[in-house]
Amino acid sequence: MSANQLIIHDYTLNINIMEINSFLSRHVGPRPEETKKMLEVIGVPSIDALIDQTVPSKIRLKEALTVGEPMSEHAFLNHVKSLANKNKMYNSYIGMGYYNSITPAVIQRNILENPGWYTAYTPYQAEISQGRLEALLVFQTMISDMTKMPLANASLLDEATAAAEAMIMFYNARSRDMQKNGANQFFVSEDVFPQTISVVEARAKALDIEIVVGKENDFVFTPAVFGSLIQYPNQWGEIKDYSHFVAKAKSNGSFVLVASDLMALALLTPPGEWGADCVVGSSQRFGLPMGFGGPTVGFFACKEDFKRQMPGRIIGITIDAQGNRALRMALQTREQHIKREKATSNICTASALMAIMSGMYAAYHGQKGIAAIANRINKITALLNTEVQKLGYKQFNQYFFDTLCLQSPVKTPLIEKIAVENRINFRYICEDCIGISIDETTTIDDINTILSVLAQAAGKNFSAVNCSGNCRNSELAPSLQRQSAYLTQKVFNSYHSETEMMRYLKKLEIKDLSLNRAMIPLGSCTMKLNAAAEMLPITWSEFGNMHPFVPANQAEGYMEMIHDLERDLANITGFAGVSLQPQSGASGEYAGLIVIRNYFHDKGKAHRNVCLIPSSAHGTNPASAAMAGMKIVVVKATENGEIDIEDLKNKAEENKDNLACLMITYPSTHGVFEEEILHIIDIIHANQGLVYMDGANMNAQVGLTSPGFMGADVCHLNLHKTFAMAHGGGGPGVGPICVSKKLLDFLPSHPVVKVGGSKGNTMSAAPYGYALLLPVTYGYIKMLGSEGLTEATKYAILNANYMMTRLKDSYKILYTGSKGRVAHEMILDCNAFSLTVQVGEIAKRLMDYGFHAPTVAFPVHGTLMVEPTESEPLSEIDRLCDAMIQIRKEINDIASGKADKDNNLIKNAPHTMDVVCANEWNRPYSRQEAAFPMPHDDKYWPAVSKIDDAYGDRNLLCCMEA
């Protein structure tokens with residue numbers, strides 16, 4: 001018997017060990033026998049024949065990818081663990097917005113490691129998203145309470161980008177007089193974190209906003225100044241009374257933005273009580289790992305005056321069709337995908353999963369717990385402050401929370417040498433000064449180690465200290481001491497045992513329909529498998545407890561993975577270089593456009609600012625172009641859904657002297673590989689423009705073609721789509737950009753850590769963006785390998801074409817390629833029966849069948865865009881097809897008069913358990929038809945009936961009730 005044969009009960013089983021351990025076989029849904037059936041339904045002999053009919057031959061790659069052979073899951077986890085072990089786990093007291101934090105195990109286990117939370121999509125379909133909507137409302141309430149601002153959103157990307165968003169919001173909210181007089185100056189205190197200043201300066205430059213950096217005490221407001229930014233506590237750790245500064249700003253009619261520390265606000269007078277118009281910051285120290293820079297959470301709270309201008313999503317309370325309390329995203333007409341080129345922000349993906357964790361951190365600890373943590377941090381810092389001065393160090397901050405700014409009696413390189421020997425990192429401000437920031441993980445033993453290092457450097461004797469009875473808070477002026485209550489709502493006072501919190505989180509989780517329960521066929525969103533082996537490393541301390549500003553030699557594992565991933569993404573996209581700094585797809589779009597803008601400015605061609613965008617483009621494209629200061633010219637689409645070549649040519653030639661770029665998605669947003677893509681690119685290049693290729697649909701390209709191969713100049717990728725990162729219920733994501741050789745020098749840079757090009761701008765607070773998420777995509781690529789990545793793409797196209805074939809007799813397929821095929825997604829045209837039902841009502845009815853709807857009314861009004869991805873098994877694909885076909889029959893019954901036109905299965909959907917199980921049932925169809933339209937062994941019940949959006953917008957309430 002051979003090594004690969006095993007005899008059991010006289011049956012011989014041929015076991016291919018490589019296939020058993022193959023990640024590809026676990027990632028791709030259809031089995032070999034199912035693949036054969038699907039090809040028969042489509043009417044092609046093989047997958048390769050289907051690909052030949054779908055992808056134009058002239059854009060097909062001539063050579064295979066070169067990212068290596070596939071690893072098994074076991075081999076990958078061993079490999080990535082070896083990388084993790086190369087990271088040196090020193091105690092970092094660097095601060096600067098990043099601090100060690102303790103993630104409660106109940107939160108890590110039940111949220112971060114739970115696919116019921118991390119595989120969910122942004123809660124556009126509110127009826128099947130009530131759990132995470134409530135969790136985000138908890139976060140908003142926590143932010144509003146801590147800052148004492150009346151309105152908070154459901155998260156942004158980080159502190160630096162949140163500050164930039166606030167600046168732009170202020171700019172667009174200027175008084176009429178300021179607008180008339182061209183007020184365009186924004187003051188930034190030099191005491192703000194350097195990464196925040198750098199991001200704000202980059203955003204301002206593109207919009208012709210002038211940044212004035214200086215000392216707030218010396219600054220003189222003029223009519224040209226529309227706003228200001230101060231830090232509380234500031235970057236050196238000093239807590240200042242800003243009342244005089246705020247009074248000067250208000251008398252000038254200028255807005256005040258405060259970047260603040262959330263934990264410090266447990267002890268400090270909140271900015272909302274001393275005149276702030278907007279407060280931003282990071283909730284990272286509320287239970288989130290540093291992760292070499294993230295994912296963190298940018299919080300954003302402001303006055304209600306800005307409720308229609310504030311960026312990001314806002315969760316609000318409303319009612320459902322039965323009059324019951326329900327939640328949904330409020331004021332959605334503010335969103336960039338609706339406002340397009342008139343948008344004042346391009347925010348799309350935010351950091352929902354991490355915001356949920358931070359909110360639950362506050363709920364788990366409650367007001368008493370948060371106060372105890374904050375007081376302990378401050379008391380230990382005060383003890384350190386007393387002791388360092390005995391060693392000859394001068395401490396500059398009169399009032400402080402957790403950070404000391406020290407003048408050393410010796411040069412800081414000596415301190416650094418001794419600190420490193422003791423596995424400690426301080427902030428080295430200059431040759432004479434250091435900063436030390438304390439956090440909730442710091443112990444008295446840690447304090448004694450710090451004192452020992454400082455004593456040795458200063459040549460002084462050291463005696464260990466303790467905190468038994470002699471630890472007191474640092475002194476604070478009365479005006480700086482918080483008097484107001486916070487976290488008084490029931491949710492912050494109910495779940496303080498692990499049992500209570502575990503059950504609360506489960507109660508919320510089961511309200512939602514996530515990828516662990518059913519297929520989520522959202523077109524342009526690529527809701528594929530987020531494999532457990534990919535996700536595991538993000539919970540390892542070797543990756544999670546790394547400060548983003550540590551010396552590179554302490555992050556060797558991270559750096560090896562980052563550089564390897566950059567090489568792989570460059571190979572996949574056909575480009576020369578990559579930046580991992582952008583933290584979302586929209587952030588990547590903006591970063592790519594800024595690279596183009598800076599390239600032309602460097603060439604002395606700053607006038608080149610026209611961006612051509614197809615009418616079918618996702619709303620973030622024009623929104624990002626607007627944020628990049630570009631003039632947007634829309635290109636028509638043909639009846640077939642493709643770019644109108646003649647219109648493109650005319651507009652490119654009309655704007656040839658000022659043309660910067662074309663933004664194009666490929667395959668198109670209509671789900672088709674446009675045959676003329678090479679001609680399109682040539683037209684732009686012939687008129688001296690560059691081509692930006694949106695990577696939203698990269699899942700149909702990988703291994704078959706690439707943006708670089710086709711001749712594009714820059715693209716962004718959505719790692720949370722094509723490359724398997726989880727969506728997290730609305731983020732976090734990663735949106736790296738890939739560029740051609742001539743653009744390398746313009747890749748995003750950073751003021752603290754040298755990265756990117758010498759002529760680049762800073763896009764996010766951390767040099768490598770959300771670095772903690774990178775093992776996910778790294779694992780996806782390494783476990784699939786060159787051949788597996790290509791096979792995954794082929795299966796994405798197979799699944800889409802199978803669905804198209806099954807559905808085309810029930811729904812018009814709006815666009816196909818020249819040979820009748822679609823790429824990885826398709827658009828179902830529902831306009832033919834729009835007088836009977838609206839497409840949004842079909843989405844609600846799908847909930848009764850146990851499905852999240854496809855993308856509704858995008859990119860064409862009255863349509864559904866469906867994307868199955870390669871991960872869905874045939875059984876689930878067939879279940880969705882059966883549901884869609886059955887719903888079409890229900891529509892026909894209404895149209896024919898067989899069913900009532902107003903009181904029917906679709907108009908009343910979704911049907912909740914409360915409705916179906918009520919004693920009274922007076923509807924003209926059965927309860928079974930309502931709730932069990934098709935046999936299924938896992939009935940999902942929507943938590944609420946159809947949401948009343950208008951009621952919620954008329955009665956805006958965005959915090960948890962008392």
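Is Gln489 buried or exposed, and what is its relative accessible area? In this predicted model, Gln489 has a relative accessible area of 10%, and because buried means under 20%, the residue counts as buried.

To place Gln489 along the chain, one can look for the loop that runs between helix 16, spanning 444–458, and helix 17, spanning 498–509, since Gln489 lies in that loop. When residues up to four places away in sequence are left aside, the residues that Gln489 touches are Thr141 and Asp145, together with Met960, Glu961 and Ala962.

From this one position the view can be widened to the whole protein, in which buried residues account for 64% of the 962 residues. The secondary structure consists of 31 helices and 29 strands, and, of the contacts that link residues at least 6 apart in sequence, 76% join residues at least 24 apart.

The overall dimensions can be considered next. A compact globule of 962 residues would have a radius of gyration near 30 Å, and the protein, with 28 Å, agrees with that expectation. Taken along the principal axes, the box filled by the C-alpha atoms is roughly 85 × 80 × 65 Å.

Turning finally to surface and charge, the protein has an accessible surface of about 33,900 Å², and carbon and sulfur atoms contribute 48% of that area. Its side chains include 87 that are positive and 100 that are negative, and the centres of these two sets lie 3 Å apart.

How values were computed
Residues numbered from 1 in each chain as written. Predicted model: local features only at pLDDT ≥ 70, side-chain atom pairs only at ≥ 80, totals over all residues. Heavy atoms only, no water. Helix = DSSP H or I, 4+ residues; strand = E, 2+ residues; numbered from the N terminus. Buried < 20%, exposed > 50% of the residue type's maximum accessible area, 1.4 Å probe, protein only. Contact = heavy atoms within 4.5 Å. Rg over C-alpha atoms; globule rule 2.2 N^0.38 Å. Areas by Shrake-Rupley, 256 points an atom, 1.4 Å probe, with all protein chains shown as cover. Lys, Arg positive; Asp, Glu negative; His and termini not counted. Charge placed at Lys NZ, Arg CZ, Asp CG, Glu CD.
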